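Me: I would like to get to know this structure, one question at a time.
Reply: Happy to go through it with you.

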There are 2 protein chains.
Amino acid sequence: MPENDKKAQRPIMALLDILGQRWVLRIIWELRDAPLNFRALRARCDQISPTVLNQRLTLLRDNGLVDLGDDGYVPTPLCEELGEILLQLTDWSRHWQQQQTQAD
Amino acid sequence: MPENDKKAQRPIMALLDILGQRWVLRIIWELRDAPLNFRALRARCDQISPTVLNQRLTLLRDNGLVDLGDDGYVPTPLCEELGEILLQLTDWSRHWQQQQTQAD
DNA sequence: CCCACTTGCTACATATTATGTAGCACGACT
DNA sequence: AGTCGTGCTACATAATATGTAGCAAGTGGG
């Protein structure tokens, strides 16, 4: 985890630190449309090791991005806003892949 | 690096794999407004080790996101679009940090 | 009461990845 | 020829992730 001085000052730095950790973006992405329990979430994330999954879920819960409800893990309302932003990546990624296949 | 079956099918998965690697988001972020050479970029990224920085820059160049010009590393036009999306994270992160400090 | 079953999660040995420091090879300038 | 800054590499050490097995707690029968 990149420990840096800017983190305390700038929320965006703290955010990039979190989102930049392996599996975090993917986990948020997979939780976008339906609650998933621990084991289902693992399956969606290519059977990520439970150790890391738990570390990441703890991190996300500590930071108010994810909650564990009766139906499984769900993004908080705040995190759903974040999901909206990430959703834009879908369109962009198609655009990007087109340009890439042309370049090859 | 999460190797997964969905990657080939869905551009978004390939994208999340790249963006989810340590330092990648940060590097894209730091290159947003001005070209930075290798050493300057290191300095901006908390003196990230040159080994990893080079790995990530190679990755980003191979994927058409970053170029090395005369003034240093610059995001490609395509990557600038991505930067626009990431820029929205700034506002969101402030909102997020407010809620977090209330929760503590 | 006991048993099977599912849940979130942990233990731990192994493999992968990052860090930190030093410095190389190359080009430009003096 | 010598110095400077550049992108980048080597390599030993430290930090992280993986993969497998299984624990502890809850639920719902029979």
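Me: Which helix gives the most to the surface near DNA strand C?
Reply: This is a predicted model, in which local features need pLDDT of at least 70 and side-chain atom pairs count only at pLDDT 80 or more, while totals for chains, interfaces and linings use all residues; side-chain values use heavy atoms, with hydrogens and water left out. Residues are numbered from 1 along each chain as its sequence is written, and chains are lettered from A and ligands numbered from 1 in the order in which they are written. A residue is near a strand if one of its heavy atoms lies within 4 Å of it, and helices are DSSP runs (H or I, at least four residues; strands are E, at least two), numbered from the N terminus. With five residues, the top contributor to the surface near DNA strand C is helix 5 of chain B.

Me: How far is an N or O atom in the side chain of Arg39(A) from a base nitrogen of DNA strand C?
Reply: Arg39(A) is among the residues that come nearest to this strand, in a group with Asn37(A), Asn54(A), Arg61(A) and Tyr73(A). The side chain of Asn37(A) has an N or O atom 3.4 Å from a phosphate oxygen, and a polar side-chain atom of Thr51(A) lies 3.4 Å from a base nitrogen; such pairs are polar contacts (N or O atoms within 3.5 Å; within protein, one must be able to donate a hydrogen and the other to accept it, and residues adjacent in sequence count only if both atoms are side-chain atoms). For Arg39(A), the distance to a base nitrogen is 2.5 Å.

Me: How do the residues of the surface near DNA strand C divide by class?
Reply: There are 19 residues around the strand. For the classes, Ala, Val, Leu, Ile, Met, Phe, Trp, Tyr, Cys and Pro count as nonpolar, Asp, Glu, Lys and Arg as charged, and the others, Gly among them, as polar. The division is seven nonpolar, six polar and six charged.

Me: Which helix gives the most to the surface near DNA strand D?
Reply: Here 18 residues surround the strand, with Asn37(B), Arg39(B), Asn54(B), Arg61(B) and Tyr73(B) the closest. A polar backbone atom of Phe38(B) is 2.8 Å from a phosphate oxygen of the strand, and an N or O atom in the side chain of Trp23(A) is 3.3 Å from a phosphate oxygen. Helix 4 (38-44) and helix 5 (50-62) of chain B each give two or more residues, as does helix 5 (50-62) of chain A. The one that gives the most, five residues, is helix 5 of chain A.

Me: What share of the atoms of DNA strand D within 4 Å of the protein belongs to sugar or phosphate?
Reply: One polar side-chain atom, from Arg22(A), lies 3.1 Å from a sugar or linking oxygen of this strand. Bases make up the rest of the atoms within 4 Å, and the share of sugar or phosphate is 54%.

Me: How large is the area buried between chain B and chain A?
Reply: Contact means heavy atoms within 4.5 Å, and 44 residues of chain B are in contact with 44 residues of chain A. Buried area is the accessible area (1.4 Å probe) that two parts lose on being put together, summed over both. Carbon and sulfur atoms give 67% of the total, which is about 4100 Å².

Me: Which residues of chain B lose the most area to chain A?
Reply: The side of chain B that touches chain A divides into 20 nonpolar, 12 polar and 12 charged residues. Together giving 17% of what that side buries, the residues asked for are Leu78(B), Trp92(B) and Trp96(B).

Me: How many salt bridges are there between chain B and chain A?
Reply: A salt bridge is a side-chain nitrogen of Lys or Arg within 4 Å of a carboxyl oxygen of Asp or Glu. Over all chains the structure holds eight. Between chain B and chain A there are 11 residue pairs in polar contact (both at pLDDT 80 or more), but the count of salt bridges between them is zero.

Me: Which parts of chain A does the pair Glu30(A) and Arg44(A) tie together?
Reply: Side chains of opposite charge can pair when their charged atoms come close. The side chains of Glu30(A) and Arg44(A) meet in a salt bridge of 2.8 Å, N to O. The two residues are 14 apart in sequence, so their pairing ties together helix 3 (residues 24-30) and helix 4 of chain A.

Me: Which C-alpha of chain B is nearest the axis?
Reply: A rotation of 180° with 0.0 Å of shift along its axis superposes chain B on chain A, with RMSD 0.0 Å; the fit is by least squares on the C-alpha atoms of residues with pLDDT of at least 70 in both copies. The copies are thus related as by a two-fold rotation axis. At 2.6 Å from this axis, the nearest C-alpha in chain B is that of Gly20(B).

Me: In what order do the elements of chain A run?
Reply: Chain A has six helices and two strands. From the N terminus on, the order is α-α-α-α-α-β-β-α.
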